[in-house]
Amino acid sequence: MLERKLEIINKPLIKSIHMESGQIVDCIDIYKQPSFDNPLLKDHKLQRKPNFQNASGETRQKTLGTIPMFGLGKDECPMGTVPILRTIKDDLIKEKSLLNDHILVQDISGVHIAEVALKPHYGPYYGVGGINSIFNPRVDTKCQISMSHLWVQNGAKESTNKISLGWHVSPQLYGDHATHFYMSWTSDNYRRTGCYNLLCAGFVQTNRKIYFGEPISLTSQDGGPIYDVAFSISQDSVTKNWWISINENSIGYLPAKLFSNMSSANEVGWGGRTGTHPNTQSPQMGSGHFPHDNPLHACYFRKVSIQDNKRKTRAAKVYQTHSFTDNLKCYDVRYFGDQDPYYYYVVLFGGPGGNCGN
């Protein structure tokens, strides 16, 4: 079973790139990437670029200098190919164990949340965006995970269709304590469908410079420079595919045919989650700081935006949102109105973790 799945994921390569992190990235013919083996995409026609312009995003250039935070750099994949992180059997075993206890599923023991979401009756929604500060929260054991994400979802709890995008620290998935870009999707609340990154057939990669699962070389430091990245998930009004972008770069899309109920989203949001085994200490979230203790040191999403029922990109009013955290002694989240020309509408979240219960 796993051997067959490896054959599907690891296609014949045009070029192989050995990253400094130790990862191996294979450049695969864009038309022969593993997602096209999904039976739902049997007759799928590749969409090279979205039928819209990406929302404006930015990074803090004064702190970035000339050092790249991510991407293949000069050693990019050739034209007509896309970068896909090479998968080994252990990767599939680790990912399967994570999905059996998925941090993105509601009401799982050991999972804690600090999130802001748009209330469903103000929808439907067709996209979400925000500029997210990048941290490397302390994760003490292999079973722990800490993430920052934005998402779109639709449907009842037991059959949720969901796309999540952001960064996480997951030693169980990557075998290290670095911060990695990630994407995940499901059409049934992770019961039988969905995965992280490209560990199952689904996401169609179009960008030849950025790949999911790659480590982020520069992360924000407490009292030091802050690094942030613009994330967005947007539905193409023509094809109905859901496009994912990082810093205005379209990475690729999740085809509409993957989903059972995703013609629009009834919820979008931003925030953080942590996971650990039951009856163990929970890790840090975000920067490890509460938003109310020191707002300048908390993890943030700034310039947060949604695409509303008229497909217009706008900020969400405070009264249209619902903030939720399940353990205020460990984590918190705050959503603010328009602050200034740099932050605009901002979500602050995070906390130190600790003995947070189940």
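**Figure 1. A salt bridge joins the side chains of E115 and R273.** The closest approach is 2.6 Å, N to O. This is a view of a predicted model. E115 sits in strand β4, residues 111–118, and R273 in strand β14, residues 267–275. The pair therefore ties together parts that lie 158 residues apart in sequence. Both ends of the bridge fall under the 20% cut-off for buried residues: E115 has a relative accessibility of 9%, and R273 has 0%.

**Figure 2. R86 and D26 meet through their side chains in a salt bridge.** The N to O distance is 2.9 Å. This pair also links distant parts of the chain, with the two positions 60 residues apart in sequence. R86 belongs to the loop between β3 (81–85) and α3 (89–99). D26 belongs to strand β2, residues 24–29. The two partners differ in exposure. R86 is partly exposed, at 31% relative accessible area. D26 is buried, at 4%.

**Figure 3. R334 pairs with D332 in a salt bridge.** Their closest N and O atoms are 3.2 Å apart. R334 keeps a relative accessible area of 35%, so R334 counts as partly exposed. D332 is buried, with a value of 6%.

**Figure 4. E76, R208 and K209 belong to one salt-bridge network.** The bridges here share partners, and that sharing joins the three residues. Across the model, the count of salt bridges comes to eight. Among them are the pair E115 and R273, the pair R86 and D26, and the pair R334 and D332.

**Figure 5. The protein chain that holds these sites has four helices and 19 strands.** The chain has 358 residues, and buried residues make up 58% of them. Contacts across long stretches of sequence are part of the picture. Of the contacts with a separation of 6 or more, 74% are between residues 24 or more positions apart. The accessible surface of the chain comes to about 15,400 Å². Carbon and sulfur atoms account for 51% of that surface.

Notes: Residues numbered from 1 in each chain as written. Predicted model: local features only at pLDDT ≥ 70, side-chain atom pairs only at ≥ 80, totals over all residues. Heavy atoms only, no water. Buried < 20%, exposed > 50% of the residue type's maximum accessible area, 1.4 Å probe, protein only. Contact = heavy atoms within 4.5 Å. Areas by Shrake-Rupley, 256 points an atom, 1.4 Å probe, with all protein chains shown as cover. Salt bridge = Lys/Arg side-chain N within 4 Å of Asp/Glu carboxyl O.
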